[in-house]
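I opened this entry to record what I looked up on helix packing and on empty space inside the fold. The notes follow the order in which I checked things.

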Amino acid sequence: MAIPTEPIGSIPRPPSLIDAARAFRSGSISTADLLSQYDSAVQDTIARFEATGSPVVTDGEQAKDSFVTYPIHGLTNIAADGIPIPFADGHIRQFPRLTAGPFGYRTSADVFLEISQRYAQVPVKQAVISPSALSLLYPQRGIPGYSREDYLEALLNEQEGEIRRCLQRGAHAVQIDFTEGRLSIRLDPTRRLLRSFIELNNMLLERFSAEERKRIGVHTCPGADRGASHSAGVDYAELLPSLFELKAGTFYMQLANEPDRKKVLKIVRDHIKNDQRVFIGVIDVMDPRVESPEEVRDRTLEATEFIPLSQLGTTDDCGFAPFSDDTSRSRDTAFEKIRVRVAGTHLAARELGVE
């Protein structure tokens, strides 16, 4: 029994792709030119992923404007002045705002999956955004003639269809990005917002059978953008009991850069259900230093003190560039860290005699 290892998702875009996206926005290149750049970036990303020995790959989210706004990018009923998300270094990402109904996706993740499967020789994982994150699109003051209930029903329908198409296309797994979990506690210490997020995400998960949910996972981290987080100061203990109430088969947890990993692992041990697997973060994507395989091995072995091997996997703490303009980490560093994660996980499996 080997220890499974998977990436989270995003990889820094090549400078040529970032330049092409800027040129497209200014009208300097055509849609066809931009799509050609996207295709080249995906092909290169998957080739480099496979060269690390990774048994599962992603498209690196090369064609996504961001991990959260990809389905609504380009919609005409979206304004830029939604909820601000401040990061620890002072920079702010502005969340969009829905201005009118009806709501519908412009691009769903199965489109990206179809492209990446053209090039991949190993299983492909597909990341999608959570209902709870996109629920923040709807303004608190409401929209005349379009209720919040109508919006959420349309949102859940879009997301169910997106995930079903990914599963039907043979995605190895569909990962729901729930990076707003700890952020919700920062925004609302009463945790009412968190409870509403868990309820909404379960409304989506309950649309799938128990067998389907084995291939659906949830990723949590305190954000990673330009080398800063938005909610690392929120104690994991505030989130984890609620997190494992989600009816998902798999969880992908940031852990490598936690100040007290054993404390977190104890909470995981106490709340994980028998039919759930947790992939613990063994690579700190915020640290420009590349870890050694031995560090990854030791972080993995530490986790086995608390989590049964049959329920354990390894991953990266977060994506390396969840926003397309994030150049704080290089492609070379990202792939070297992934190579080390794979090698270190193999070392741990060998030491445990499960290689």
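**Helix packing**

Working from a predicted model, I looked first at helix H2 (residues 31–51) and helix H3 (residues 109–119), which pack at an angle of about 55 degrees with their axes 9 Å apart. I noted H2 as oblique to H3, because an angle of that value makes it so. I then checked the hand of the crossing and found that H2 passes H3 in a right-handed one. On the H2 side the contact is made by Asp39, Val42, Gln43, Ile46 and Glu50, and on the H3 side by Ile115, Ser116, Arg118 and Tyr119. Sorting this contact of H2 with H3 by class, I have four nonpolar, two polar and three charged residues.

**Second largest pocket**

I turned next to the second largest pocket, in which about 540 Å³ of space lies. Its lining has 23 residues, and those nearest the centre are Ser135, Leu136, Tyr138, Arg148 and Leu193. Which helix gives the largest share of this lining? I found that H7 does, with six residues, while helix H5 (148–168) and helix H7 (192–205) each supply at least two. By class I entered 13 nonpolar, four polar and six charged residues for the lining of this pocket.

**Cavity**

Searching the whole structure, I found one cavity of 30 Å³ or more, and I noted the volume of the largest cavity as about 40 Å³. The residues lining the largest cavity are Pro131, Ile176, Phe178, Asn201, Leu204, Val218 and Leu246, which I divided into six nonpolar, one polar and no charged.

Technical notes
Residues numbered from 1 in each chain as written. Predicted model: local features only at pLDDT ≥ 70, side-chain atom pairs only at ≥ 80, totals over all residues. Heavy atoms only, no water. 1 Å grid on protein atoms, 1.4 Å probe; cavity = no way out; pocket = protein on both sides within 12 Å on 5 of 7 lines; lining within 4 Å. Points joined across faces, edges and corners; volume = space filled by probe spheres on them. Helix = DSSP H or I, 4+ residues; strand = E, 2+ residues; numbered from the N terminus. Nonpolar A, V, L, I, M, F, W, Y, C, P; charged D, E, K, R; others polar. Axes fitted to C-alpha atoms, helices over the stretch in contact; angles between N-to-C directions. Parallel < 35°, antiparallel > 145°, perpendicular 65-115°, else oblique. Left-handed = near helix turned anticlockwise from the far one by under 90°. Contact = heavy atoms within 4.5 Å.
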